[in-house]
Structure formats: structure tokens, C-alpha cells
Amino acid sequence: MVEQELSRTLHDRAEAAGPVPGDLSTILSTARRRRRRRAIVPAVAIVLAVALVSGGLGVAWWDRSPYTGLAPASKVSPSPLGPAVGKARPPAANAPVRPADKVWPEAVIRMPTTDPTGAKAHPITMLDSTHVLVSAETSFQKQSALRMYDTKTRKFSAITDLNPIGDLHDYYPQDFANDDRTVVWDADGVDSSGHHVVQFLAADLSGGHKRLLASIPGSLSVTELELVDHKYVVYSEPLHGGVYRVPLGGGSPQKVAGSTGMFLAVWPWASDVNGFAGTDRKTTATLRNLVTGDTQVVHDPGTTFWDCVPSLCVGDAGTDASVVVDGPDSHTAAPDYVRLTDYFVLNRFVDAAYDDGKVHNGGWVHGDNGRKTYTGKSLPHLLWDVKTGTVATYPLSRDGAIGLSHHSGMLAWHDPDHAGQQIVLDLAAVR
Amino acid sequence: MSPDEEAAEFAALYASRSAALMRYGYVLTGNRHDAADLVQEAFVRLRLAWHRVADRANAEGYLRTTMVRLHISWWRRIRRERLVGRVPESVTEDAALREVGDDQDLWSALGRLPVRQRTVLVLRYYEDASDHQIADTLGISEPTVRSHALRGLRALRKSWIPTAAIPTAVAVPQRVPEER
């Protein structure tokens, strides 16, 4: 019955969509201007780089050398996760909500929007305080290489390409994880027989040595990877749960004992709550240490849980009320403007939406400098720092990148004041 | 065909099909702003490639595929597909929508689905596309299409009460305890 009603609703709603704003000539001329402006940027940047170098500053801002000519990356150490948050702090009831780059300026870096080959540079995570792991997108939806960007020298270096190993097409790298030596990723592809396969691959952060760790049938889609003890990559089955590990030396994925129906939180912890998996919202959450077998059961009367990490769960208590449960009989409620809380980032931030009850003009909101920012949807995105109670909005830009997960707190969007530059916010650097 | 003839042919395509594509974009995204962006970007991309398009009779198919892939792509950056509540514009914002007699709860529930689930359901129940066609369009396997559809429909069933099934307020007879 819902199928018939859905079909009717979609067709009825579609009739109310109205015309496309703007005539064809306006649309095309606007697009031409946009593209021409983009094309000018590299030329201006090259002139700037030459001027700076000749001035003795030695800043290599732009490098036109091809991919194979880039210098190999050097080894770096990963960013450590901060200590566990104790009692969650609520945001102020009427606090002004400001953009994240203004709230946490210490966590902001800037880098070019494209790499030296002209590919879009999408930051994935900070490898340390100055090195950014970057994927290079050379065509529509196609991440074709991994780079490292050094914010001090302003140079990109090559790590590896992201091409399939073997004869696969419709090939899309999905998620990445790293330690201080290695980067791993999974990718969905289709083999010559038309069968979907998932590849797990690894490369050295120092550059090269790309190798296939495992190949399994099916499609894994979006899941989170984590590297453990320089030995394994662990991941969850995204629909039904179950935590698996793949040896870094290669071999088939092995299911971790005690992980049935569990989703990776932060290794070695897993939980049976994962709103993104489409599971029913649970009123009781179970967290399990997959190494020791220790189990925590979290229950908060009236709360349905959406996501859990060690010592914290986030959920809804009644209509639109968002809470973080931080201990037995202890929860912290967010004010009304914090809506749709859904995911923990770095055991500290809750990804949510900002809703002050006003209409946000179809996805544009005014920043604190009067500039409008595109949010992509009608509610601006918001981060709640449960350690300090601070909240901040962030823009969702089509040309930006969002790498929010249990292990990564990376946001990027184009700098409206500096063409060719993007603002990168590393939540791990928030004090 | 001369450049002028090509331009005229493309303008005719826009004039005849942009409204239908706006409707398609609207049910994909849930709001006019994003729908318009999808339509405009798809036409811009097609115009740039127009001189190379051999099968112009299927131009609308190209535009629709571009729109749905752009829609997924713009949201793909969010590693975690997130629920975005209240995605559809409020019916109070637009007089035209006040005339729509469908189920507001179902439309709202659709807007709360993750983008892939919503996209699969739109392709299935608005475009009448087969699972095979949806898989081709989205670059995913047919089992994944079915999984998205199943999960999306399940979520809709959970959160949606058919209008006809909502009881009106009636006096409930008090139960009289039986005499012992």
C-alpha cells in the first residue's frame, strides 16, 4: 500500500515543482563566466609563485609537473585521538551559532583546491599537524590518486594511484584509513563477468608499494575502515553488522568473534547501534570490547539511540529532542535548535543540524559577515562539541569535502575570499 | 548542421523538456532550489557536449542520468549518508503546494531517508525504472538497489500512517466491570 501511495505522492508533488528559474541563455552565460574564471586562476597563481620565489621567499605554490614526476611522500605520524570525554556539556540555550572556521580558528588550514595536475584535491584526513592526505579527483566522481599536501612547503607529493588491480570497471574507491606507515582503502568495482567485487588495497605513506590485500564478492558501499596495530584493517558489514579484519599482509577477511550484529565504533569497541545502517532505532544500546569481551549496556528511559562510541551514546528523547547519554542515569539534553543529531566524530563532536525555526531560503544562510553560504539543504549543518558545549555551523559545499567519521574530523569548503583555495577544518586540532 | 542550427535545436530541447526535468529534480531533491541547480547543471553539461552527441533523440535520458548522478555526487562527499529531516519545503511556503492533495506525512518521511534510498525509490516509483535500470544508472548492483528500496520502504512504513487509517476522535465507550 505504501508503494501505491508513494507513487501517487511523487507524481502529485512533481506537478507543483514549477518552472526552472532563468532562461537557457542566462544559464549558459553564467556557466561560461564561472568556467572562465576557474581557468584564469592557475595562470594567476603561477605568476604569483614566480614572484614569490624570485623574491627569495622560496614558496613553491604551484607545480605543473606530471604525477609521475612528483616527489615521494615522507613518513609521518597519525593524529592521536583525544582523551575520552567525561560528562557531556550542553550548548547554551541561546548561544549565537557561528561558522566553524570562526569558532575554531586554531583548527583551520588553507590549501589549493586543485593539485599540480589540475585534479580536484579533496582532503581526507590530517596525517599530522602539517600533512594532509588528499585524494585527487580527475573526472566526475573519480578519485584517481592519493597525494600528500604539506602545509609548510605548500607542495603536493605522490603516494599512489587509485586504479584497480586487475580488470575491473565502474571502480570507485570508498573509504580510507591510515596509521603512521600505511594507508588502506576499499573500492567497489565490477569484473569482466559483470560481478561486483570489493577490493581492499594498501600503499606505503612514503609512496608506492600499492598492493591488493583482499578481494571479496559483492558491494560494501559506505563503511568505515580502521587500521589496527600495523597488522589488520578492520571494517563493519554496513547493512547487517559484523566486524571483519583483513591482514595487512593479505588474506581473506575474517569475522571477529563476538561481533555478530555489531558495528565498528572505535576499535576494539563495537556497538549494535548504527542509524546509517537502517537498523531500527534502539532503546537499549550494547557496546562490546571485541578484544576483552567487556560489555556495556546503555539504557536511558525514553531515548532511542542513533550512534554510540565508548562512554557516549547520542539519540533522541521524544520529538526532535537530542541527547547525549554519558553514563548510567545521566544524559545531557541539547537545546531545541540542535536537531537531527546523528554521529559522533572523534569521540567528541556530534554531527547535527541547526534549526532556529526560521526558513533558510532553500539552502542559503547568512554568515556573520553578512555573506551568504550555501548549505545544500534547508537546515545548516552543525557540530556540537560535547567536551566544551560549543556549537558551530559548517557549509556543505558541492566542491568541498566532508570526512566526518568516528576516526576523522575533516571538513573542507572553497574559500569565498581566495579563489583557488579551500578552507580545511581539522577537528582533531580543536583545543 | 550549422552552429546556429545546433543552438536552436538545443534551445528547443530546453523549452520542451526543462519543466518535466524540474519535476523530476524536485522529487529527487525535495526542494526547488536544488532541483533547479540539477536541471541547470545538466543542461550546461549537455550543451558543452552537444556537438558530440550522436543519439539526440535520447537527450532527455542523458539529462536525467546526469541529474541523478549529480544528485548522488553532491551528496557523496558526505561519507556518511545522513538523515536530513524537513528536506521538503514546507507546504506553507508555497501556495501551489497547498493545492497538492497527497499525503504530507509520506512526503516528509521520504525527505528523511538517506539520499540513496530516496533516489532508488524515486527512480522506481516516479520513473518506473526497473531494478536493472536503476543499478545501471547509479553504478551499483541490483541486490544493492533492492536493499536500498527495501530499507527505504521499511522506513516509510514505520513512520507513515495512511491518512485514511488515522481515526477521528470518537467517544470511547467505558468498559463496565463485570459483576461478580
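Start by selecting Tyr235(A) in this predicted model. Tyr235(A) counts as buried because its relative accessibility is 3%, under the 20% cut-off for that class.

Now add Phe200(A) to the selection. Phe200(A) is also buried, with a relative accessibility of 1%. Show the two rings together: Phe200(A) and Tyr235(A) form a tilted aromatic pair, with 4.8 Å from centre to centre and 35 degrees between the planes. Next, colour strand S9 (residues 196-204) of chain A, where Phe200(A) lies, and strand S12 (residues 232-236) of chain A, which holds Tyr235(A); the pair therefore ties together parts that are 35 residues apart in sequence.

Keep Tyr235(A) on screen and bring in Tyr244(A). Their ring centres are 5.7 Å apart and their planes are at 20 degrees, so this pair is stacked. Is Tyr244(A) buried or partly exposed? Tyr244(A) is partly exposed, with a relative accessible area of 21%. With Phe200(A), Tyr235(A) and Tyr244(A) all displayed, you are looking at one aromatic cluster. If you enjoy rings, there is more to hunt for: a search of the whole structure finds 9 aromatic pairs over all chains.

Time to move to chain B. Select helix H1 (residues 3-29) of chain B and helix H2 (residues 32-49) of chain B, which pack at an angle of about 145 degrees with their axes 8 Å apart. The crossing of H1(B) and H2(B) is right-handed. To see where they meet, show side chains on both helices. Among the H1(B) residues in this contact are Phe10(B), Leu13(B), Tyr14(B) and Leu21(B), while the H2(B) side includes Leu38(B), Val39(B), Phe43(B) and Leu46(B). By class, the contact has 14 nonpolar, 3 polar and 3 charged residues.

Before leaving chain B, colour it by pLDDT. The chain has a mean of 71, and 70% of its residues reach 70 or more. Which helix marks the high point, and which the low? Confidence in chain B is highest in helix H6 (residues 115-125), at a mean of 90, and lowest in helix H4 (residues 95-98), at 35.

Two stretches deserve a cautious look. Residues 76-101 of chain B stay under 50, and the model has 89 contacts beyond four places in sequence for them. Residues 164-180 of chain B also stay under 50, with 1 such contact. Where pLDDT is low, the predicted coordinates should not be read in detail.

Finally, zoom out to the whole model, which scores ipTM 0.76 and pTM 0.61.

Definitions and conventions: Residues numbered from 1 in each chain as written. Chains lettered and ligands numbered in written order. Predicted model: local features only at pLDDT ≥ 70, side-chain atom pairs only at ≥ 80, totals over all residues. Heavy atoms only, no water. Axes fitted to C-alpha atoms, helices over the stretch in contact; angles between N-to-C directions. Helix = DSSP H or I, 4+ residues; strand = E, 2+ residues; numbered from the N terminus. Left-handed = near helix turned anticlockwise from the far one by under 90°. Contact = heavy atoms within 4.5 Å. Nonpolar A, V, L, I, M, F, W, Y, C, P; charged D, E, K, R; others polar. pLDDT = per-residue confidence, 0-100. Phe/Tyr/Trp six-rings, centres within 6.5 Å; stacked < 30°, edge-to-face > 60°. Buried < 20%, exposed > 50% of the residue type's maximum accessible area, 1.4 Å probe, protein only.
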